[in-house]
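Let's take a walk through the inside of this protein and look at the spaces closed off within it. Here it is.

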Amino acid sequence: MEAILKVIDEGIHVVDTKGNTIFYNEVAARHDGMKVKEVLGKPLLEVFPSLTKESSTLLQVIATGKPIFHKGQTYVNVHGKTIDTINTTLPIFVSGKLVGAVEVAKDYSKLRKIAERLIDLESIYKNPNKNNENHNGAKYSFDSIITKDPVFLETIAKGKKAALSSSPVLVYGESGTGKELFVQGMHNASLRRKKPFIAQNCAALPESLLESILFGTAKGSYTGAVDRPGLFELASGGTLFLDELQSMPIQLQSKLLRVIEDGLVRRIGGTKSISVDVRLTAAMNIQPQVALKNQILRHDLYYRLNVLSFELPPLRERKQDIMLLTNHFIEKYNNLLKMNVLGIEKEVEELFLSLEWKGNVRELKHTIEFMMNVVEGSRLTYADLPVFIQKRKILSESVGTIPPLREVLKKTEAQLIQAALESTNGNILKAAKLLQIPRQTLQYKLSKYNL
């Protein structure tokens with residue numbers, strides 16, 4: 001039973017009569033933004049502090065012994081993440097005695113956000129007069145990008161020139177480098193700035209749902225389908241930004257290519273082609289050549305999009321921007337939180353400059369936000385750092401005490417050769433046989449190590 005519940009494609013959460021979790025599968029953990037070990041064996045209300053005995057469907061069933069079917073529940077986990085689910089919760093009886101409750105949960109957080117986004121987009125679509133610079137969907141400009149890095153400044157300068165074109169754009173950069181911010185900057189520097197800017201993450205949705213959102217639906221194309229414009233129609237005159245393009249299914253990529261080539265969209269289930277004027281911009285968080293090699297990006301689509309391409313440098317290659325951004329975020333959260341933090345201590349500055357920042361600017365921003373929420377003095381200190389950053393420093397220090405593997409291997413090899421020569425009284429042939437290597441190889445290594 002445990003094996004079945006672990007692989008089933010539903011969130012399964014089981015508690016005993018005291019409200020302690022006795023089973024919690026990986027799907028439920030993904031829904032809740034948690035790890036299994038953070039929930040298993042712990043009281044439900046401790047892990048999900050926003051719930052109460054009255055609002056928790058699991059605890060309601062424990063209290064009443066009666067099932068609850070298809071009930072929506074919104075709650076916040078211990079990390080502050082808001083979760084939306086539809087739950088079916090059932091009591092568990094053994095020999096007529098209530099021993100716990102099991103909950104089968106469906107995550108609808110993403111679908112809810114999609115529905116809300118479509119409502120907003122339809123509002124823009126039906127009220128074109130509202131498509132002005134204040135309501136175009138792009139709140140950032142190139143001035144929003146904070147950098148002193150010469151490579152990045154040159155990329156921005158090229159982006160400003162390319163903004164005046166209508167050719168497709170492909171932006172590559174690691175997660176957190178500011179790809180959408182850069183693309184929004186291009187939109188607001190273009191002649192399309194008074195028209196909509198619409199962004200869609202290709203990794204967030206299954207193929208069928210992504211297709212209907214991009215191209216729209218015709219009434220009767222499937223049960224319950226209505227005439228609804230897709231993102232291409234809603235973005236007409238403006239810019240459509242597709243993030244994580246490599247996550248789009250290959251079959252859907254071919255349809256995307258046709259729209260770019262022809263400027264025509266056909267809604268799912270429809271027979272009429274609709275002309276659209278959209279500047280397509282796309283972003284990838286892996287190297288395009290890697291995506292092509294792994295066959296998750298079509299060559300013809302890549303060559304069509306790669307008319308104007310930009311690569312955004314990671315934060316570890318922009319060392320001079322780390323303190324610039326740090327001070328910017330401190331000022332930002334000073335204003336938001338009504339604080340007066342003056343800066344960071346030298347120890348923290350040195351640590352920041354030594355870290356790789358794999359999450360790039362986004363990780364730095366979230367680190368500063370955390371520290372600003374816990375700081376007690378006028379400067380951010382080592383004690384204010386998130387635990388994972390502190391652990392990263394400890395790990396790097398411990399790794400720093402270990403010599404490089406290549407050096408250790410060289411030293412060990414030289415010592416073994418020296419020992420073999422001593423045991424054979426300097427006879428190279430016998431030493432080679434003892435080491436089980438060719439005589440020529442041993443002679444090469446003798447010369448290499450000056451033995």
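The largest cavity has a volume of about 140 Å³. A cavity here is a set of points on a 1 Å grid over the protein atoms alone where a 1.4 Å probe fits but cannot get out, and its volume is the space filled by probe spheres set on the points, which are joined across faces, edges and corners. This is a predicted model, where local features need pLDDT of at least 70 and side-chain atom pairs count only at pLDDT 80 or more, while totals for chains, interfaces and linings use all residues. Residues are numbered from 1 along each chain as its sequence is written, and side-chain values use heavy atoms, with hydrogens and water left out.

So who sits around that space? Lining residues (those with an atom within 4 Å of a point) number 16 for the largest cavity, and His13, Asp32, Gln73, Tyr75 and Glu103 are the closest to its centre. At least two lining residues come from each of β1 (11-16), α2 (26-32), α5 (57-64), β3 (68-76) and β5 (97-107). Helices (H or I, at least four residues) and strands (E, at least two) are DSSP runs numbered from the N terminus.

Now for the other one: the structure holds two cavities of 30 Å³ or more, and the second largest has about 40 Å³ of space. Its lining is made up of Val169, Val183, Met186, His187, Ser190, Thr239, Arg279 and Thr281. α8 (179-188) and β11 (279-284) each supply at least two of these residues, with α8 giving the most, three.

Definitions and conventions: On a 1 Å grid over the protein atoms alone, a cavity is a set of points where a 1.4 Å probe fits but cannot get out, and a pocket is an open set with protein on both sides within 12 Å along at least five of seven lines; lining residues have an atom within 4 Å of a point.
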